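User: Could you walk me through the pockets and the nonpolar core of this one?

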Amino acid sequence: DRDRDRDRDRVRDRDRNRSRERERDRDRQRDRDVPRSGDDGNRGRPAEDRRDTKAEGGSRMSDLLRDKEEVFEYGKADEEGKVDGKTVVAKKEEPNFEQSGLLAKATNTVGGIELKFTEPPDARKPNRNWRLYPFKGQEALDLLHIHRQSAYLIGRDRQVVDIAVDHPSCSKQHAVIQFRLKMWETDTGESKSDVRPYIMDLNSTNGVFLNGEKIDPARYYELLEQDVLKFGFSSREFVVMVAAK
């Protein structure tokens with residue numbers, strides 16, 4: 001009887017020990033299944049695998065940061081402000097203080113028509129009575145006074161010109177007579193100044209002729225008394241004169 005009792009006790013102890021071992025195994029399994037903070041589910045994996053996962057995570061983070069970089073000059077933005085899947089951050093436009101020319105264009109118009117020239121800084125109203133004497137062949141035409149303003153526009157467009165030339169070879173804005181302040185020194189070193197007339201071809205189609213010679217466009221030529229001007233293929237001649245004081 002005592003032997004049977006000892007056998008039962010041994011079986012009971014063995015079963016009890018096995019039960020305890022199973023409980024400890026279950027506890028260890030639960031610990032492996034529940035990731036700790038910062039483990040990212042790597043608990044129980046080999047150290048080499050954890051290092052690879054960490055490196056892959058760092059690479060993914062770098063890619064994410066790179067995707068967030070500002071995109072300025074390449075790709076085409078879609079409606080959602082993306083360029084090739086990247087967020088677009090528009091460049092802030094820098095202030096531009098350069099002259100746009102719009103003000104000069106707005107102030108250099110007559111009746112909404114833009115003039116082909118702008119008066120220079122040394123433009124002046126003449127202080128002497130300059131005149132143009134037109135001739136058509138041997139016929140003298142009406143005298144033109146050109147001392148009442150600083151510039152006289154010549155051409156076919158009667159909406160803007162001061163002196164009309166109706167010949168079809170002449171441009172709408174053909175040339176300009178511009179009075180400018182001229183300063184010089186005499187042989188004795190004395191400073192002199194005078195307001196003198198200049199002619200400039202405004203890039204006309206058929207040119208301006210000064211004393212029979214065609215002048216270069218967009219360049220001022222000083223006019224002297226008795227100079228003769230012709231415009232295009234018109235037969236009219238304009239003789240430059242100044243009235244005696």
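Analyst: I'll start with the second largest pocket, whose volume is about 160 Å³. This is a predicted model, where local features need pLDDT of at least 70, side-chain atom pairs count only at pLDDT 80 or more, and totals for chains, interfaces and linings use all residues. Residues are numbered from 1 along each chain as its sequence is written, and side-chain values use heavy atoms, with hydrogens and water left out.

User: Which residues line the second largest pocket?

Analyst: Its lining consists of Asn-108, Val-110, Leu-115, Phe-117, Thr-118, Glu-119, Ser-150, Ala-151, Leu-153, Val-160 and Asp-162; by class, six are nonpolar, three polar and two charged.

User: And how much space lies in the largest pocket?

Analyst: The largest pocket holds about 340 Å³, and among its 19 lining residues Ile-163, Ala-164, Val-165, Arg-236 and Phe-238 lie nearest the centre. S5, strand S7 (144-145), strand S9 (163-164) and S16 each give two or more residues to that lining.

User: Switching to the core, which members touch the most others?

Analyst: In the largest nonpolar core (buried nonpolar residues joined through side-chain atoms within 4.5 Å, buried being under 20% relative accessible area with a 1.4 Å probe, protein chains only), which has 23 residues, they are Leu-132, Ile-146, Ile-177, Phe-179, Ile-199, Leu-229 and Phe-231.

User: Is there a second core, and what does it include?

Analyst: A separate core of nine residues includes Leu-115, Ala-151, Met-200 and Leu-202; of these, Leu-115 and Ala-151 also line the second largest pocket.

Note on methods
Buried means under 20% relative accessible area, exposed over 50%, partly exposed in between (1.4 Å probe, protein chains only). On a 1 Å grid over the protein atoms alone, a cavity is a set of points where a 1.4 Å probe fits but cannot get out, and a pocket is an open set with protein on both sides within 12 Å along at least five of seven lines; lining residues have an atom within 4 Å of a point. Grid points are joined across faces, edges and corners, and a volume is the space filled by probe spheres set on the points. Helices (H or I, at least four residues) and strands (E, at least two) are DSSP runs, numbered from the N terminus. Ala, Val, Leu, Ile, Met, Phe, Trp, Tyr, Cys and Pro count as nonpolar, Asp, Glu, Lys and Arg as charged, and the others, Gly among them, as polar.
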